[in-house]
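Me: I've got a chain here that I'd like to walk through with you, one question at a time. Can you keep it casual and give me your reasoning as you go?

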Amino acid sequence: MQTIYVLFLCCTLCIVLMSSFCSTIIVFAQNQESSSSDLVSSYTKFNFKRGISSETENSNSTHIFQPEGIIVDGNDNIYVNDIQSNEIKKYDINGNFILKWGDQTVNGITLNHPHSSEIDNQGNVYITDQNNKRVVKFSNNGTFITSWGENENKGVHFLHPHGIAVDSLDNVFVSDRDLNTIQKFSNNGTFITSWGSKGTGNGQFDMPWDVAVDSENNVFVPDYGNNRIQVFSNNGTYLREWGTEGEGAGEFFHPAVIVFDKSKNLYVTDSDNQRIQIFSKNGTFITGFGQLGEGPGEFSKPESITIDSYGRVYVADTTNNNVQMFISSN
């Protein structure tokens, strides 16, 4: 039975909801401050803080229409890939708009469905420009640096570049959803290696939706169609996996994107279960939050996720057309 409490705080209505994971989702007044702990346990609650909402405006809107990718930089600025306006929108830590880019022509082509993003150690932003079948690298203010994938004669071939990650040496990893591969490049686009094929075996994929690299440079892949997480060495040697299809704790219905916190725990958007699941780096389920809906703390196909230096969790709730921020409390 769902329990609802109604409270008032600073003249703002607050609602407490109990999710299917028994995690508390709290709508706070937007200006209330809170702190976060890096120690996540089964008792940790994730409290809704605020959202960056969608508005239907003109093509010059600074609001978000349909967010898919989201990432934060070293200064906790937030970058959102808006696939409807085909722009990257940058906000400060309080959700205030800073700038956007994407309407400029890069090598004769404008961005077309910029799905995922990642930031390297120098603060440069990498985008999987999905429908143009390429990766584009920008400075953090949107200045074009380089791109690869447009010219197959250079030995780079993408069919559906989807997820992207950067390791501690600034090597770039790209998951190709339709080729069922992970490709590894230098930070200027020089091809290094690749692995993967269509299938259910170790090192095979059914739509590798994303790719993430931990602090030890191991590579984690949410294997979307096979409903599991696979782990590899930096050069593609299979290490382990976990997960199966289902709705229970530790089960998945289309795992989409992975992010790590400071304690090396994994946060996974379990997109068609409308929730976030949290695991240890070895795959042990810890806790989770979220449920289907349109309200604060509820999701409709959450796609991407990121965590800032304070431990605040940002979720790109794609079909609900917003970004939600959560703060953990023990």
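Me: How many bridges hold E9 and strand E10 together?
Reply: Bear in mind that this is a predicted model. Strand E10 covers residues 125–129, and one of the bridges puts Val125 of E10 opposite Ile119. E9 and E10 run in the antiparallel sense, and the number of bridges between them is four.

Me: Which strands sit at the edges of the sheet that has the order E9-E10-E11-E12?
Reply: That sheet is open, with four strands and antiparallel pairing. An edge strand here pairs on one side only. The ones that fit are E9 (114–119) and E12 (144–148).

Me: By how many degrees are neighbouring strands of this sheet turned against each other on average?
Reply: Here we're looking at the E9-E10-E11-E12 sheet again. The value is an average over neighbouring strands, and it ignores direction. It comes to 20 degrees.

Me: Is Asp129 buried or exposed?
Reply: Asp129 has its place in strand E10. The cut-off for buried is under 20% relative accessible area. Asp129 has a relative accessible area of 0%, so it counts as buried.

Me: Which residue's side chain makes a polar contact with the side chain of Asp129?
Reply: Leaving aside neighbours within four places in sequence, Asp129 is in contact with several residues, including Thr110, His113, Arg134 and Pro161. The side-chain partner is another residue, and the polar contact spans 2.7 Å. That partner is Asn132.

Me: Which residue takes a positive phi in the hairpin of E7 and E8?
Reply: Strand E7 (residues 87–91) and strand E8 (residues 97–101) pair in the antiparallel sense over four bridges. Tyr91 has Phe97 of E8 as its bridge partner. Five residues lie between the strands, and the one with a positive phi, near 85 degrees, is Gly95.

Me: What is the relative accessible area of Thr181, and does that make it buried or exposed?
Reply: Thr181 has its place in strand E15, which covers residues 181–185. Not counting residues up to four places away in sequence, Thr181 touches Val174, Ser175, Asp176, Trp195, Gly196, Phe205 and Pro208. Buried means under 20%, so Thr181 is buried, with a relative accessible area of 12%.

Me: Where is Gly201, and how does its relative accessibility class it?
Reply: Gly201 is in the loop between strand E16 (191–195) and strand E17 (212–213). Buried ends at 20% and exposed starts over 50%, with partly exposed in between. Gly201 comes out at 24%, so it counts as partly exposed.

Me: How far apart in space are Gly201 and Asn226?
Reply: In sequence, 25 residues separate Gly201 and Asn226. Not counting residues up to four places away, Gly201 touches Arg228 and Gln230. From C-alpha to C-alpha, Gly201 and Asn226 are 9.7 Å apart.

Me: Which backbone nitrogen does the side chain of Gln230 reach?
Reply: Gln230 lies in strand E19 (residues 228–232) and is buried, at 0% relative accessible area. Among the residues it touches are Gly201, Asn202, Gly203, Gln204 and Phe205. The side chain of Gln230 has a polar atom 2.6 Å from the backbone oxygen of Gln204. The backbone nitrogen it reaches, at 2.9 Å, belongs to Gly203.

Me: How far is the C-alpha atom of Gln230 from that of Arg240?
Reply: Gln230 and Arg240 are ten residues apart along the chain. Arg240 is also one of the residues that Gln230 touches. Their C-alpha atoms are separated by 6.0 Å.

Me: Which strand gives the largest share of the largest nonpolar core?
Reply: This core has 16 residues, and those with the most contacts inside it are Tyr267, Ile276, Phe289, Ile305, Val313 and Val315. E21 (255–260), E23 (275–279), E24 (285–289), E25 (302–307) and E26 (313–317) each supply at least two residues. The largest share is three residues, and it comes from E21.

Me: What percentage of the protein chain's residues count as buried?
Reply: The protein chain has zero helices and 27 strands. Its accessible surface is about 13400 Å², with 47% belonging to carbon and sulfur atoms. Of its 330 residues, the buried part is 59%.

Methods
Residues numbered from 1 in each chain as written. Predicted model: local features only at pLDDT ≥ 70, side-chain atom pairs only at ≥ 80, totals over all residues. Heavy atoms only, no water. Pairing = 2+ DSSP bridges. Axes fitted to C-alpha atoms, helices over the stretch in contact; angles between N-to-C directions. Core = buried A, V, L, I, M, F, W, Y, C linked by side-chain atoms within 4.5 Å. Buried < 20%, exposed > 50% of the residue type's maximum accessible area, 1.4 Å probe, protein only. Areas by Shrake-Rupley, 256 points an atom, 1.4 Å probe, with all protein chains shown as cover. Polar contact = N/O pair within 3.5 Å; in protein donor to acceptor, adjacent residues only side chain to side chain. Contact = heavy atoms within 4.5 Å.
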